[in-house]
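Let's take a walk through a protein model together. Have the sequence and the 3D view at hand, and we'll go one region at a time.

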Amino acid sequence: MRNLGILVFILALVACQPQSEPQTQSDPAVVKLGQDTGGSAAGDFGPPQGEPVQAILTSAPNVPPPVNRDYPAKVIVDMEVRELDMEISEGVTYTFWTFGGTVPGSFIRIRQGDTVEFHLKNHPDSKMPHNIDLHAVTGPGGGASSSFAAPGHEAVFSFKALNQGLYVYHCATAPVGMHVANGMYGLILVEPPEGLPPVDKEYYVMQGEFYTVGKYREKGHQPFDMQKAIEENATYVLFNGSEGALVGEHAIKASVGDNVRLFVGNGGPNLVSSFHVIGEIFDKVYQEGGSRYQENVQTTLVPAGGSAMTEFRVEVPGTFVIVDHSIFRAFNKGALGMLKVDGEDNLPVYSGKEVDNVYLGDKVVAADLAAVTEITEARITGTATKAQRIQAGKVLYNGTCSVCHQQSGEGIEGVFPPLAGSDYMLTEPTEHAIEIVLNGLTGPVTVNGVTYNSVMPPMSQLNDDEIADILSFVFNSWGNDGDVVSADQVATVRAGTDRSEGAAH
Ligand SMILES: [Cu+2]
């Protein structure tokens with residue numbers, strides 16, 4: 001009873017407090033991001049004014065410029081669906097279904113209150129019908145049924161953007177999962193009436209996973225695997241539709257002192273992203289693409305069919321690795337990108353090494369990537385030379401073996417045996433070294449007179465070409481005698497080795 005009395009007292013007090021002025025909610029000019037935006041009820045700013053505006057569309061990682069308009073307009077969006085064979089990984093192609101020719105689809109940027117006239121064209125070369133469901137639409141299906149377009153056809157519909165925020169769009173033609181899995185998603189930003197606070201750099205990063213018949217990095221053209229998709233057993237988890245999209249020369253860039261804003265989306269179709277930038281802290285995250293922000297965030301969840309806006313100031317130069325922190329996806333499925341920051345060192349803030357090899361895996365530097373690209377092309381045309389294979393093997397060795405055996409091949413005395421001049425390795429047949437890489441090694445081994453009794457984990461996730469190249473590099477470096485290992489040799493050893501179901505490849 002006494003508690004009830006206190007409650008009544010508090011309620012009475014609250015009732016006497018001046019309420020926040022309701023007129024700020026209906027006056028668009030006063031609605032501020034991070035305050036109560038009034039939702040869709042406050043988002044209709046009346047009929048479109050002025051001449052219709054053609055939307056500027058960009059492909060990732062680029063973002064259209066701010067809308068910079070203080071009245072609601074009619075905005076025309078022209079989007080063409082293309083079904084295209086493109087690279088998903090080095091030497092691996094996939095038939096992507098795209099909004100605007102890229103994965104993710106073109107970025108659309110409008111202002112709250114705008115009326116969008118959406119033209120969805122399906123290219124005559126397409127084999128499938130497609131449509132679009134924009135999460136920014138208020139209306140059944142988000143536009144899906146009104147935008148249905150058979151190959152060679154165009155559909156037009158319009159909607160008013162009542163809510164501000166960062167929204168996913170995607171194809172919703174049956175089988176929906178397959179259309180999304182093939183890359184049919186993108187982002188539409190509905191700016192608040194006064195625009196977003198200005199920053200120095202804005203980028204578009206969107207995650208999505210792919211399900212292929214062949215295993216990760218298996219060369220050639222890879223078809224979609226429906227069963228793997230149903231089981232949510234992704235072969236690739238990628239930013240911006242391919243393994244190399246944000247790596248090396250394609251890394252996004254900033255300079256020390258810049259404020260960087262990332263528009264992050266997740267197309268799914270299945271997985272939730274644990275979005276993280278290694279070595280940075282998000283000063284602000286507009287969770288789920290909404291209008292409020294959290295501060296000082298390390299990792300933010302981006303749901304399938306959802307988004308986030310992250311903002312941070314870069315204080316230190318170097319390479320910042322962008323990952324899905326569900327970390328096997330980063331190192332074994334491709335969910336790895338890079339932000340390269342140039343500028344003066346800031347030693348009081350960070351005195352360490354430029355970048356940790358561990359975090360770059362086999363994507364160390366652009367020059368190395370070029371070697372891998374070269375060998376991949378040469379292999380397809382059947383012209384791979386010994387020198388090219390050794391060069392590619394070096395890149396892979398540095399990303400895979402050097403953490404233990406060291407870049408010098410010297411190992412670490414008493415802990416990791418040397419590969420440079422290893423009498424153990426060099427006196428055994430080549431097949432033995434292949435077996436060690438595929439199956440790992442445990443128990444006592446004596447290398448150059450020193451006994452090691454430790455554990456080397458199996459590396460069977462590497463494909464036949466990769467193991468062949470790594471060992472070719474190892475056998476031709478540090479004074480070792482020059483055997484070249486072939487992918488066929490690796491395949492033979494792999495086929496002759498019993499391994500548990502889960503490690504089947
Ligand atoms: Cu589609």
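What follows starts with the whole chain and then moves to particular sites.

First, keep in mind that this is a predicted model. The protein chain has 505 residues, and 50% of them count as buried. If you trace the fold, you'll come across 13 helices and 23 strands. How do the contacts run along the sequence? Taking those between residues at least 6 apart, 69% join residues at least 24 apart. On the outside, the accessible surface adds up to about 22,800 Å², and carbon and sulfur atoms account for 54% of that.

Now for the inside. In soluble globular proteins, nonpolar side chains tend to be buried together. Here, the largest nonpolar core has 54 residues, and the ones that touch the most other members are Phe210, Leu262, Phe263, Phe275 and Leu339. Which strand gives the most to this core? That would be β10, residues 201-210, with five residues. There is also a second, separate core of 25 residues, and Tyr167, Met184, Ile188 and Val190 are among them.

Met184 leads us to the metal site. Which residues are the protein donors of the copper ion? They are His130 and His179, each through ND1, along with Cys171 through SG and Met184 through SD, and they lie 2.0 to 2.5 Å from the ion. Along the chain, these donors follow the spacing H-x40-C-x7-H-x4-M. Both histidine 179 and methionine 184 are buried. As for geometry, the four donor atoms subtend angles of 88 to 138° around the copper ion, so the arrangement counts as irregular. To see why, note that a tetrahedral label would need all angles to lie between 85 and 135 degrees. For reference, the ideal angle for four tetrahedral donors is 109.5 degrees.

Close by in sequence sits methionine 178, which belongs to helix α3, residues 176-181. Is methionine 178 buried or partly exposed? It is partly exposed, because its relative accessible area is 22%, and the cut-off for buried is under 20%. Leaving aside residues up to four places away in sequence, methionine 178 touches Trp97 and Phe224. Phenylalanine 224 is 46 residues away along the chain, yet its C-alpha atom and that of methionine 178 are separated by 8.3 Å.

Next, a look at some cysteines. How many disulfides does the structure hold? Zero. Take cysteine 401: its closest cysteine sulfur is the one in cysteine 404, and the two can't be bonded because they are 8.8 Å apart. For a disulfide, the sulfur atoms would have to be within 2.5 Å. Cysteine 401 counts as buried because its relative accessibility is 17%, whereas cysteine 404, at 26%, counts as partly exposed.

Our last stop is helix α11, residues 430-439. Why is this helix largely enclosed by the rest of the structure? Because seven of its ten residues are buried. Those buried residues are Thr430, His432, Ala433, Ile434, Ile436, Val437 and Leu438. What do they pack against? Three helices and two strands surround this part of the tour: α10 (423-427), α12 (464-475) and α13 (487-495), plus β22 (441-447) and β23 (450-456). Just after α11 comes glycine 440, with a positive phi of about 75°.

Methods:
Residues numbered from 1 in each chain as written. Predicted model: local features only at pLDDT ≥ 70, side-chain atom pairs only at ≥ 80, totals over all residues. Heavy atoms only, no water. Donors = N, O, S within 2.8 Å, 3.2 Å for Na, K, Ca; no water. Tetrahedral: all angles 85-135°; square planar, octahedral: opposite > 155°, others 65-115°. Buried < 20%, exposed > 50% of the residue type's maximum accessible area, 1.4 Å probe, protein only. Helix = DSSP H or I, 4+ residues; strand = E, 2+ residues; numbered from the N terminus. Contact = heavy atoms within 4.5 Å. Areas by Shrake-Rupley, 256 points an atom, 1.4 Å probe, with all protein chains shown as cover. Core = buried A, V, L, I, M, F, W, Y, C linked by side-chain atoms within 4.5 Å.
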